[in-house]
Amino acid sequence: MQEYLPVLLLLAFAVVAATGFMVLSGLTGPKRFERGKEDPFECGMPLFSDARRRVTVKFYLVAILFLLFDLETAFLYPWAVLFRKLGLFGFIEMMVFILILVVGLVYAWKSGALEWQ
Amino acid sequence: MDLQSILLSLKAIVPEMILTATGCLVLLYDLLIPEENRGVHAGISAVGVITALFSVLWFGSERIEAFSGMLAQDTFGSFFTVVVLVSLLLTLMLSRSYNDWEGIQKGEFYALLLFSSVGMLVMAKATDMMTIFLGLELLSIPIYVLVGFDRKRLSSVEGALKYFLLGAFATGFLLYGMALLYAATGATSLSGIAAFAGKENVFGNTLFLAGTALLFVGFGFKVSLVPFHMWTPDAYQGAPTPVTAFMSAGPKAAAFAAVIRVLVVAFPESHPFLLKGLWVVAALTMTVGNVSALVQDDVKRMLAYSSIAHAGYVLVGLVSGDRLGGQAAMYYLFVYSLMNIGAFAIVMLLSEGEERGYAIENFRGVGFRYPVLGALMTVFLVSLGGIPPTAGFVGKFYLFSAAVKKGLILLTVIGVLNSAASVYYYLRVVVYMYMLPERAEEVRPRPVGVGVALALFIATVGVIALGIFPKGLLSFAESSILSIFLS
């Protein structure tokens with residue numbers, strides 16, 4: 001268990017620092033209460049509607065497509081780092097992977113998933 | 001891994017590669033052709049499936065440990081590959097006409113069927129929990145979409161949503177079970193778990209027991225064992241009928257393949273503990289499935305409940321826990337696919353569209369007005385009920401005789417009583433077809449195209465031929481089960 005000591009120290013430090021700052025600012029900071037303070041986010045702009053409203057389903061489509069290509073990057077990075085070591089076979093394998101993704105992209109594109117009417 | 005072993009590994013997944021390529025091809029070709037020509041996808045997919053079947057004949061018997069032990073091609077995997085591919089082929093033949101009738105002729109339908117089948121094949125060959133999970137997800141996600149494919153029909157979407165929510169939940173159970181097993185044993189490979197279970201006393205290991213239990217809960221959802229069967233009736237009834245037929249055959253066989261492999265390879269020592277649990281589940285599954293099917297007036301829903309009961313019969317073979325039981329279960333899964341897809345095909349023909357349902361009233365007088373349809377339906381129902389000389393009888397005979405040889409007398413009695421009860425609701429349809437007067441307004445069967453006719457022909461010939469000459473398939477099942485018992 002010796003090797004976990006630094007982790008434990010870090011954890012203790014994080015807890016102490018976080019609670020310490022919160023307690024300190026609570027004790028010493030100025031306190032002024034207004035209506036605006038009750039908003040979920042204080043950004044200087046007045047609220048113009050409730051956050052709980054219906055969102056168009058198109059966002060989900062975009063999100064799913066984003067997720068797909070985001071994950072592709074997660075695979076491409078380690079491959080790029082080890083490119084020389086993996087050699088020709090790694091290259092071919094990655095091309096097959098990308099080809100399958102491109103099939104999906106072409107399909108999504110052609111069937112209009114990328115259009116925002 | 002060096003190049004040589006990668007190339008060898010690729011040889012183990014030839015059918016998967018063929019199906020994936022066909023799926024991509026269908027998806028892309030769909031974008032190029034006008035809407036009215038989309039039926040051609042069924043043909044393209046069928047060509048891919050037949051090629052994959054031939055590739056199993058060429059490479060299938062060789063044993064290959066692929067991808068550093070993540071996957072293995074052996075006779076066991078090949079057996080289930082054949083089951084899945086045959087079910088897929090029959091489904092494709094039914095889908096083409098059906099999709100025209102219901103106005104859902106789209107390329108995605110066929111691509112999703114193909115991708116889902118790839119998942120099933122991976123699951124049948126998986127020798128590592130990671131690959132089992134990968135196969136299961138690849139199997140499930142396209143099926144969720146396919147259940148809700150007729151998205152303008154409320155029952156279809158309802159079934160899909162229920163299936164998706166419960167299925168995602170079940171996946172959570174399965175994954176948690178795998179994680180606990182990994183925590184307990186430090187291995188994700190089935191042989192690694194077996195090695196751990198052989199060394200340590202697993203009965204005192206809470207992590208191990210909890211992991212095993214959760215793993216089997218997850219599998220129970222997928223093959224719809226009681227008490228994890230709640231999604232089955234609604235999903236089966238809501239799904240487009242060819243998809244229902246496919247769901248009751250392909251995914252079920254693939255999930256059972258994974259269960260058998262896990263039982264045989266990973267838990268050979270802790271069998272008694274697991275088998276007691278499966279004993280109870282098998283008895284419950286048969287009873288609840290059959291009793292619920294008794295009171296259904298909708299034939300599609302009746303077949304959905306009967307598919308729960310049949311999962312129970314197959315489980316009896318696994319509870320026997322030996323070579324004979326496994327062999328009988330595999331034989332039964334194959335013939336069940338044939339007879340069930342056949343029965344669903346007739347149900348599909350005798351309806352007035354999904355919206356109007358599949359009331360048993362539609363079957364009144366069908367036997368005399370449409371003698372061929374009536375006769376075929378009778379063959380499938382008799383086989384489902386387990387009456388000789390059909391394959392359903394031989395399957396049940398082997399399942400129960402394996403159980404008796406193992407001394408599971410009580411379970412066999414429960415099974416046989418259930419089977420007798422099931423004859424009531426199967427033959428009720430036959431009574432409607434042949435013994436009740438016709439309805440005032442006649443139900444016209446859908447026009448039978450070449451594909452549907454061919455599917456019915458294959459299913460009928462299979463059910464009767466395998467009932468009279470079961471030897472060939474049984475010895476294939478035997479050599480398959482031996483290939484994992486000995487490895």
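**Notes on a predicted two-chain model**

1. Buried residues account for 58% of the 487 residues in chain B. This is a predicted model, so read everything below with that in mind. Chain B has 20 helices and two strands. Its C-alpha trace spans about 70 × 55 × 40 Å along the principal axes. The radius of gyration is 21 Å, and since a compact globule with 487 residues would have one near 23 Å, chain B agrees with that expectation. As for contacts in chain B between residues at least 6 apart in sequence, 80% join residues at least 24 apart.

2. Chain A is another story. For its 117 residues, a compact globule would come out with a radius of gyration near 13 Å, but chain A has 25 Å. Its C-alpha atoms fill a box of roughly 65 × 55 × 20 Å along the principal axes, and 0% of its residues count as buried. There are three helices and zero strands, giving the pattern α-α-α along the sequence.

3. For a spot check in chain A, try A:Asp50, in the loop between helix 1 (5-28) and helix 2 (58-81) of chain A. Is A:Asp50 buried or exposed? A:Asp50 counts as exposed, because it has 6 C-beta neighbours inside 10 Å and the cut-off for exposed is 12 or fewer. The C-alpha atoms of A:Asp50 and A:Thr73 are 36 Å apart, with their positions 23 residues apart along the chain.

4. Now the place where the chains meet. Chain B puts six residues into the contact and chain A puts in seven. On the chain B side, helix 1 (3-12) and helix 2 (14-32) are the elements that give two or more residues. Helix 2 of chain B gives the most, with four residues. What kinds of residue does chain B offer here, nonpolar, polar or charged? The side of chain B that touches chain A has six nonpolar residues, no polar and no charged.

5. Back inside chain B, have a look at the core. The largest nonpolar core has 177 residues, and B:Met123, B:Ala254 and B:Ala345 touch the most other members. Helix 14 (residues 323-349) of chain B supplies the largest share of this core, 19 residues. If you centre the view on B:Met123 and ignore neighbours within four places in sequence, the residues in contact with it include B:Ile132, B:Leu136, B:Leu139, B:Ala254 and B:Ala258.

6. Helix 14 of chain B also pairs with helix 11 (residues 241-266) of chain B: their axes come within 8 Å and cross at roughly 170 degrees. Helix 11 is therefore roughly antiparallel to helix 14 of chain B. Among the contact residues are B:Ala245, B:Ala249, B:Phe256 and B:Ile260 from helix 11 of chain B, and B:Leu333, B:Asn340, B:Phe344 and B:Ala345 from helix 14 of chain B. The residues of this contact split into twelve nonpolar, six polar and no charged.

7. A second pair worth showing is helix 16 (residues 371-385) and helix 18 (residues 409-435) of chain B, whose axes come within 9 Å and cross at roughly 170 degrees. How are helix 16 and helix 18 of chain B oriented, parallel or antiparallel? They are roughly antiparallel to each other, because the crossing angle is over 145 degrees. Helix 16 of chain B brings B:Met377, B:Leu381 and B:Leu384 among others, while helix 18 of chain B brings residues including B:Val423, B:Tyr426, B:Leu427 and B:Met433. This contact has ten nonpolar residues, four polar and no charged.

8. Some backbone geometry to check by eye. Most residues other than glycine have a negative phi, and most peptide bonds are trans. The bond from B:Val226 to B:Pro227 is cis, with omega near 5 degrees; B:Pro227 lies in the loop between helix 9 (206-222) and helix 10 (232-238) of chain B. Another cis peptide bond joins B:Pro388 and B:Pro389, where omega is about 10 degrees. B:Pro389 is in the loop between helix 16 and helix 17 (391-405) of chain B.

9. Finally, the loop between strand 1 (64-66) and strand 2 (71-73) of chain B holds B:Phe67, and B:Ser68 lies in that loop too. B:Phe67 has a positive phi of about 50 degrees although it is not a glycine, and B:Ser68 likewise has a positive phi of about 50 degrees. B:Phe67 is partly exposed, with 19 other C-beta atoms within 10 Å, whereas B:Ser68 counts as exposed, with 12 C-beta neighbours inside 10 Å.

Conventions. Residues numbered from 1 in each chain as written. Chains lettered and ligands numbered in written order. Predicted model: local features only at pLDDT ≥ 70, side-chain atom pairs only at ≥ 80, totals over all residues. Core = buried A, V, L, I, M, F, W, Y, C linked by C-beta atoms within 7 Å. Buried ≥ 20, exposed ≤ 12 C-beta atoms within 10 Å, placed from the backbone. Contact = placed C-beta atoms within 7 Å. Nonpolar A, V, L, I, M, F, W, Y, C, P; charged D, E, K, R; others polar. Axes fitted to C-alpha atoms, helices over the stretch in contact; angles between N-to-C directions. Parallel < 35°, antiparallel > 145°, perpendicular 65-115°, else oblique. Rg over C-alpha atoms; globule rule 2.2 N^0.38 Å.
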